[in-house]
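The following exercises concern charged side chains and overall fold. Each task is followed by a worked solution.

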Amino acid sequence: VQLQAYGGGLVQAGGSLRLSCAASGGTFSSYRMGWFRQAPGKEREFVAAISWSGGTISYADSVKGRFAISRDNNKKTVYLQMNSLKPEDTADYFCAAALSGSVYSMKYDYWGQGTLVTVSS
């Protein structure tokens, strides 16, 4: 499975961005999908996850109420709508796919390249 994230960019604090992650190969509709981020000098951290059907979702406390994860299995794409962005949201954002496990598992089997999100104050 190959994953490609895109949609990052520069946005002012309080603004919005929508990230997309397109998958190729494999059976996208059977994968749990997740978004992670890594800020400069910091460890990678979990952002959000969605089950294969979209029926179960989890979020990191830091983004709950501001970010929304969704997926379109027909388009083999997972999205991350980011609203009310803060400077501390600045990071490289990665998408990942898992063959099994719940949305609360941090184990993923495939990782994509990141897309950079920069939030200015």
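**Exercise 1.** In this predicted model, classify K107 as buried or exposed, and then examine its salt-bridge partner D109.

*Solution.* Exposed means over 50% relative accessible area. K107 has a relative accessible area of 54%, so K107 is exposed. The side chain of K107 forms a salt bridge with that of D109, at 3.1 Å from N to O. D109 has a relative accessibility of 31% and therefore counts as partly exposed.

**Exercise 2.** Determine which residues are linked with R37 in a network of salt bridges.

*Solution.* Begin with R37 and E45, whose side chains meet in a salt bridge with an N to O distance of 2.6 Å. R37 is buried at 6% relative accessible area, whereas E45 is partly exposed at 35%. Next, consider R66 and D89, whose closest N and O atoms are 2.7 Å apart in a salt bridge. R66 belongs to the loop between β6 (57–59) and β7 (67–72) and D89 to the loop between β8 (77–82) and β9 (91–98), so this pair ties together parts 23 residues apart in sequence. Both R66 and D89 are buried. Finally, a network of salt bridges links R37, E45, R66 and D89.

**Exercise 3.** State how many helices and strands the chain has, and assess its compactness from the radius of gyration.

*Solution.* The chain has 0 helices and 11 strands. Its radius of gyration is 13 Å, close to the 14 Å given by the globule rule for 121 residues, so the chain is as compact as a globular protein of that length. Buried residues account for 43% of the 121 residues.

Methods. Residues numbered from 1 in each chain as written. Predicted model: local features only at pLDDT ≥ 70, side-chain atom pairs only at ≥ 80, totals over all residues. Heavy atoms only, no water. Helix = DSSP H or I, 4+ residues; strand = E, 2+ residues; numbered from the N terminus. Rg over C-alpha atoms; globule rule 2.2 N^0.38 Å. Buried < 20%, exposed > 50% of the residue type's maximum accessible area, 1.4 Å probe, protein only. Salt bridge = Lys/Arg side-chain N within 4 Å of Asp/Glu carboxyl O.
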